[in-house]
Amino acid sequence: NKNDSEKDSPSSSSIWDKLSSNMEEIKEDVSKKVISKLPAPLVEFLTKVLTKLKEILPNVKIAVLSFVTGAVVMLTAILVPVYSSVETLSEPVTLFETILADLDAGYVDPV
């Protein structure tokens, strides 16, 4: 089994390399076609924007990761106690609602 996995990994990595190189070629072809049809000022503007975006992107990744982590912690801290108390409160609340409904209907057991 060990020899089988060693045989599979080089072929699968070479297939992956071929696929990724083909995808890169396709991306380059499509981007060249799109850029050739755009006006020059727009291409310059997009180039500047993408350059700035690449500079900012690591900071944006950290900010998004921090935001998502904080949101998960906050929601967990709020919702876990609420949901854990709902099950313990539902039975007494249901019993109390039943008693109130019986009193409202005028139902009283004979003694």
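Trainee: What volume does the largest pocket have?

Mentor: About 210 Å³, where a volume is the space filled by probe spheres set on grid points joined across faces, edges and corners. This is a predicted model, so local features need pLDDT of at least 70 and side-chain atom pairs pLDDT 80 or more, while totals for chains, interfaces and linings use all residues. Residues are numbered from 1 along each chain as its sequence is written, and side-chain values use heavy atoms, without hydrogens and water.

Trainee: What makes a residue part of the lining of the largest pocket?

Mentor: A pocket is an open set of points on a 1 Å grid over the protein atoms alone, where a 1.4 Å probe fits, with protein on both sides within 12 Å along at least five of seven lines; a lining residue has an atom within 4 Å of a point. Ile35, Leu38, Val43, Leu46, Thr47, Leu50, Thr51 and Lys54 line the largest pocket. Helix 2 (residues 40-105) gives the most, six residues; helices are DSSP runs of H or I with at least four residues, numbered from the N terminus.

Trainee: Why is the contact of Glu24 and Lys27 called a salt bridge?

Mentor: The definition asks for a side-chain nitrogen of Lys or Arg within 4 Å of a carboxyl oxygen of Asp or Glu. The N to O distance for Glu24 and Lys27 is 4.0 Å, so the pair counts as a salt bridge. By this rule the count is one. Both residues lie in helix 1 (residues 2-37), three residues apart.

Trainee: Why is Glu24 called partly exposed?

Mentor: Buried means under 20% relative accessible area and exposed over 50%, with partly exposed in between (1.4 Å probe, protein chains only). Glu24 has 42% relative accessibility, and therefore counts as partly exposed.

Trainee: How do you know that Ile56 is partly exposed?

Mentor: The relative accessible area of Ile56 is 44%, so the label is partly exposed. Ile56 is in helix 2. Buried residues make up 0% of the 111 residues in the protein.

Note on methods: Helices (H or I, at least four residues) and strands (E, at least two) are DSSP runs, numbered from the N terminus.
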